[in-house]
Amino acid sequence: MWYLCRRKQVIRMSSKDKLVERFKKRPKDFTYEETIILLSHFGYEVHNKGATSGSRVRFKNEATGIYIDIHRPHPGSIMKEWMVKAIYLHLKSNHLI
């Protein structure tokens, strides 16, 4: 995608910016791998909750101390619609998107 800024310069969006724009539309085919990239773009890192955590994964932003717990999808990699909505609301409430 290309965007024009005020000085008529053409600015190309990075792949992470494109991913953020795609996520804002809350697609039904958003993958777990895309979720990792998206959250890392905002400073979140994966923290496993231990050997007994099962499919639960914690993403924590070390700079702010904010975290979000999600469930890794299985057997496939497509995120559930309710989980995409929860991540969207989390990012929006923390003024990241």
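## Exercises on a predicted model

In this predicted model, Thr31 touches Ser77, Ile78 and Met79, leaving aside residues up to four places away in sequence. The exercises below start from this residue and proceed to the helices and the core.

**Exercise 1.** Determine where Thr31 is found and whether Thr31 counts as buried or exposed.

*Solution.* First, locate the residue: Thr31 belongs to the loop between helix 1 and helix 2. Next, apply the cut-off, by which buried means under 20% relative accessible area. Thr31 has 17% relative accessibility and therefore counts as buried. Its contacts beyond four places in sequence are Ser77, Ile78 and Met79.

**Exercise 2.** State the order of the elements along the protein.

*Solution.* Begin with the inventory, which is 3 helices and 5 strands. Then read from the N terminus on, which gives β-β-α-α-β-β-β-α.

**Exercise 3.** Describe how the axes of helix 1 and helix 2 cross, and identify the residues that make the contact.

*Solution.* Step one is the geometry: the axes of helix 1 (residues 15–24) and helix 2 (residues 32–41) come within 10 Å and cross at roughly 110°. Step two is the classification, in which angles of 65 to 115 degrees count as roughly perpendicular. The two helices are therefore roughly perpendicular to each other. Step three lists the residues: helix 1 contributes Lys16, Asp17, Leu19, Val20, Arg22 and Phe23, while helix 2 contributes Glu34, Ile37, Leu38 and His41. By class, this contact has 5 nonpolar, 1 polar and 4 charged residues.

**Exercise 4.** Establish which residues of helix 1 are buried and how they are arranged about its axis.

*Solution.* The buried residues of helix 1 are Leu19, Val20 and Phe23. Viewed down the axis of helix 1, they fall within an arc of 100°, so they line one face of the helix. A general rule assists here: an α-helix has 3.6 residues a turn, so residues three or four places apart point the same way. The buried residues of helix 1 pack against helix 2 and helix 3. Just after helix 1, Arg26 adopts a positive phi of about 50°.

**Exercise 5.** Repeat the analysis for the buried residues of helix 2, and name elements that cover them.

*Solution.* In helix 2, the buried residues are Tyr32, Glu34, Thr35, Leu38 and Leu39. These residues cover an arc of only 150° around the axis, which places them on the same side of helix 2. Their cover includes helix 1, strand 3 (44–48), strand 4, strand 5 and helix 3. Helix 2 is followed by Gly43, which has a positive phi near 95°.

**Exercise 6.** Identify the residues that touch the most other members of the largest nonpolar core, and the element that supplies its largest share.

*Solution.* The core holds 19 residues, of which Phe23, Leu38, Phe59, Ile70, Ile87 and Leu91 touch the most other members. Helix 1, helix 2, strand 4 (56–61), strand 5 (67–71) and helix 3 (81–93) each supply at least two residues. The largest share, 5 residues, comes from helix 3. For Phe59, the contacts beyond four places in sequence include Tyr32, Ile36, Leu39, Tyr44 and Ile70.

**Exercise 7.** Explain why His90 counts as buried, and list its contacts beyond four places in sequence.

*Solution.* His90 lies in helix 3. Because its relative accessibility is 14%, His90 counts as buried. Its contacts beyond four places in sequence are Tyr44, Ile66, Tyr67 and Ile68.

Notes
Residues numbered from 1 in each chain as written. Predicted model: local features only at pLDDT ≥ 70, side-chain atom pairs only at ≥ 80, totals over all residues. Heavy atoms only, no water. Axes fitted to C-alpha atoms, helices over the stretch in contact; angles between N-to-C directions. Helix = DSSP H or I, 4+ residues; strand = E, 2+ residues; numbered from the N terminus. Parallel < 35°, antiparallel > 145°, perpendicular 65-115°, else oblique. Contact = heavy atoms within 4.5 Å. Nonpolar A, V, L, I, M, F, W, Y, C, P; charged D, E, K, R; others polar. Core = buried A, V, L, I, M, F, W, Y, C linked by side-chain atoms within 4.5 Å. Buried < 20%, exposed > 50% of the residue type's maximum accessible area, 1.4 Å probe, protein only. Arc of directions from axis to C-beta.
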